Amino acid sequence: MSSDFEVYEQDFGTLTAEITNKVGRIPKLSGDDKKCMVANVEKQMEEARELLEQMDLEIREIPLQSRGLFSTRMKSYKQELEKLDKDFKRSRIAYSDEVNLRNELLGEDGNTSENQRAFLLDNTERLERSTRRLEAGYQLTVETEQIGQEILENLHHDKEKIQRARERLRETDTNLGKSSRILTGMLRRIIQNRILMFILGAIILLTIVLAIYFAVTGH
């Protein structure tokens, strides 16, 4: 399931990058070009929402112990799409005439204006790439922290198991000591009983021998 999620992730990243590029170009367009670009971005925004829905369904199929990492990433993607949607709405109401007016006031010709637009667009794309890298780094940090917490929890559980095992070993040693003392006492009593029986048998035998002796000798 996680492999399908990662495929959707890659598609979502590619799609949002294209949307970001087009949203930055919308304010510089006018007329049919602007309408066509807006319609195209609206379609891609809908595709991005569908990808998030598919990713959300995939997360529900992931085991609970691993779901936290994917949920964090999913939250980040939703926030990214919300930001894109806001930028898209702002770009739709921006007028390309403002760019032309600014160029006229500054006395810039068409080529200079076009170069500046390209330069600004390039800088915007660089900034967006840097932002995505920062977000990816933050997401990786969060995931690493969660993994560390899970490892610490597992170590804590293992420590408790080891302590319980040690306690059981101590109890076993105590019981073995008691059993050893009991067996030693029983063995001692058995030996004592055998010695008493031997002495008693010797006395009885001696008595019989003496009785026979006196009977024979007539004393």
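This is a short tour of a predicted model, from its confidence to its largest pocket.

**Before you select anything.** Residues are numbered from 1 along each chain as its sequence is written. In this predicted model, local features need pLDDT of at least 70, side-chain atom pairs count only at pLDDT 80 or more, totals for chains, interfaces and linings use all residues, and side-chain values use heavy atoms, with hydrogens and water left out.

**Colour by pLDDT.** This is the predictor's confidence in each residue, from 0 to 100. The chain mean is 81, and 84% of its residues reach 70 or more. Select helix 2 (residues 31-60): its mean, 90, is the highest among the elements. Then select helix 4 (residues 96-105), which has the lowest, 50. Helices here are DSSP runs (H or I, at least four residues), numbered from the N terminus. Where pLDDT is low, the predicted coordinates should not be read in detail.

**Go to Thr20.** Thr20 sits in helix 1 (residues 2-25). Thr20 is buried, at 10% relative accessible area (buried means under 20%, with a 1.4 Å probe and protein chains only). Show its contacts (heavy atoms within 4.5 Å). Leaving out residues up to four places away in sequence, Thr20 touches Leu84, Glu128 and Arg132.

**Open the largest pocket.** A pocket is an open set of points on a 1 Å grid over the protein atoms alone, where a 1.4 Å probe fits, with protein on both sides within 12 Å along at least five of seven lines; lining residues have an atom within 4 Å of a point. The largest pocket holds about 340 Å³, the space filled by probe spheres set on the points. Its lining has 17 residues; Thr20, Lys83, Leu84, Asp87 and Glu128 lie nearest the centre. Helix 3 (64-92) gives the largest share, six residues.

Conventions
Helices (H or I, at least four residues) and strands (E, at least two) are DSSP runs, numbered from the N terminus. Buried means under 20% relative accessible area, exposed over 50%, partly exposed in between (1.4 Å probe, protein chains only).
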